[in-house]
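Student: I'd like to go through this structure with you and keep asking how each label is earned. Can you take me through the reasoning step by step?

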Amino acid sequence: MKIAVSFLKSKLEKADTIKKIEETDCDYIHVDIMDGKFVDNITLSIDEALELLKNTTKKLDIHLMVNDPLEYIEAFSHLNVAYLTVHIELGNKVDELIGRIHELGIRAGLAINPETSIDDLNPYLDRIDYIIVMGVTPGAGGQPLIPETIDKIKELKHLRDGNCYHYSLCLDGGVNLETRNTLDDADVLVCGTFICMSDDYQSRLDEIR
Ligand code: DX5
Ligand code: ZN
């Protein structure tokens with residue numbers, strides 16, 4: 001099980017939070033980008049994100065909650081990216097976006113909101129490298145996991161194994177010690193508040209692992 005740490009909600013400033021995450025043995029830094037349109041919140045502009053993340057040693061798991069991902073994709077392609085993920089709810093833009101991410105030599109992901117059916121992912125399952133199943137409604141850290149989203153992970157794992165698809169499965173939102181043992185079918189867990197609202201990131205990470 002890999003862990004991607006989200007710095008969306010933290011006791012510290014973003015730069016200090018990232019410094020502390022870098023000192024742990026986590027697998028990825030999860031970067032939540034919100035544009036105030038796809039979701040109400042705004043996190044980082046392209047320039048702010050580039051400045052903050054240009055020297056990271058950890059690979060980045062970039063989660064784009066934005067209406068027009070193309071310029072973000074181009075800009076972030078120069079960072080140390082593990083996965084670049086856009087939302088399936090963008091509809092007919094998705095095909096081109098996956099193509100562009102792949103052209104840049106980056107692994108492409110699709111994120112799916114709690115209320116969206118996994119059937120919407122069907123046309124892309126043989127092409128994508130990563131699926132972020134949202135455990136919460138996107139927009140804010142520190143929300144409780146919606147239990148029904150766990151079944152999506154199980155079904156997508158079943159589909160992958162039955163069809164030889166190659167995507168990795170990620171659960172994003174609401175991961176803590178109470179929910180952790182229901183999430184063994186995921187390959188990657190995004191964990192934010194549980195780690196970054198604590199004083200000892202590494203020990204929280206060890207507990208989740
Ligand atoms: C929600 C984000 C998150 C989430 C993770 O919109 O995508 O990555 O905040 O943080 P916690 O662990 O606080 O739910
Ligand atoms: Zn996220």
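Student: What makes Cys-164 count as exposed or buried?

Tutor: This is a predicted model, and in it Cys-164 has a relative accessible area of 71%. Exposed means over 50%, so Cys-164 is exposed.

Student: Where does Cys-164 sit?

Tutor: Look in the loop between helix H5 (149–163) and strand S7 (168–172). Cys-164 also has a phi near 60 degrees, which is a positive value in a residue other than glycine.

Student: Now a residue in another loop. Why is Val-39 called buried?

Tutor: Its relative accessibility is 7%, and the label applies under 20%, so Val-39 is buried. Val-39 lies in the loop between S2 and helix H2 (46–53).

Student: What does Val-39 touch, apart from residues up to four places away in sequence?

Tutor: Met-34, Met-65, Pro-138 and Gly-139. As for distances, Val-39 and Glu-89 are 50 residues apart in sequence, while their C-alpha atoms are 12 Å apart in space.

Student: Let's go to the strands. What kind of arrangement do S1 to S8 make?

Tutor: They form a closed barrel of eight strands, in the order S1-S2-S3-S4-S5-S6-S7-S8, with parallel pairing. From one strand to the next, the twist averages 25 degrees.

Student: How do you know that S4 and S5 are paired?

Tutor: Pairing takes at least two bridges. Strand S4 (residues 81–87) and strand S5 (residues 107–112) have five bridges, in the parallel sense, so they pass that test. For one of the partners, take Tyr-83, which is matched with Arg-107 in S5. Helix H4 (residues 94–103) packs on the sheet there, touching S4 and S5, and its direction makes about 150 degrees with that of S5.

Student: And what joins S4 to strand S3?

Tutor: Four bridges do, and S3 (residues 59–65) runs parallel to S4. With at least two needed, S3 and S4 are a pair as well. Ile-62 stands opposite Leu-84 in S4.

Student: Why is S4 described as mostly covered?

Tutor: Count its buried residues: seven of its seven are buried. Each of those falls under 20% relative accessible area, so the description fits.

Student: What makes His-30 a buried residue?

Tutor: His-30 is at 0% relative accessibility, and the cut-off is under 20%, so His-30 counts as buried. You'll find His-30 in strand S2 (residues 28–34). Beyond four places in sequence, its contacts include Phe-7, Asp-61, His-63 and Val-190.

Student: How do you know that His-30 and Asp-32 make a polar contact?

Tutor: Their side chains are joined at 2.9 Å. The limit for such a pair of N or O atoms is within 3.5 Å, so the distance fits.

Student: Why does Val-190 get the buried label too?

Tutor: Val-190 has 2% relative accessibility, and that is under 20%, so the label holds. Val-190 is in strand S8 (residues 188–191). Among its contacts beyond four places in sequence are His-30, Asp-61 and Asp-172.

Student: Which residues touch the most other members of the largest nonpolar core?

Tutor: That core has 64 residues, and the ones to look for are Ile-33, Ile-62, Leu-64, Phe-76 and Ile-131. Ile-33, for instance, is in contact with Ile-62, Leu-64 and Phe-76, among others. There is also a second, separate core of twelve residues, including Ala-4, Tyr-130, Cys-170 and Val-188.

Student: Last topic, ligand 1. Which residues are closest to it?

Tutor: Of the 20 residues that surround ligand 1, the closest are Asp-32, Gly-142, Asp-172, Gly-192 and Thr-193.

Student: How do you know that ligand 1 has a polar contact with the side chain of Thr-193?

Tutor: An oxygen atom of ligand 1 is 2.4 Å from an N or O atom in that side chain. Since the limit is within 3.5 Å, the pair qualifies. An oxygen of ligand 1 is also 2.9 Å from a polar backbone atom of Gly-142. For the side chain of His-63, the distance from an oxygen atom of ligand 1 to an N or O atom is 3.3 Å.

Note on methods
Residues numbered from 1 in each chain as written. Chains lettered and ligands numbered in written order. Predicted model: local features only at pLDDT ≥ 70, side-chain atom pairs only at ≥ 80, totals over all residues. Heavy atoms only, no water. Helix = DSSP H or I, 4+ residues; strand = E, 2+ residues; numbered from the N terminus. Axes fitted to C-alpha atoms, helices over the stretch in contact; angles between N-to-C directions. Contact = heavy atoms within 4.5 Å. Buried < 20%, exposed > 50% of the residue type's maximum accessible area, 1.4 Å probe, protein only. Polar contact = N/O pair within 3.5 Å; in protein donor to acceptor, adjacent residues only side chain to side chain. Core = buried A, V, L, I, M, F, W, Y, C linked by side-chain atoms within 4.5 Å. Near = heavy atom within 4 Å.
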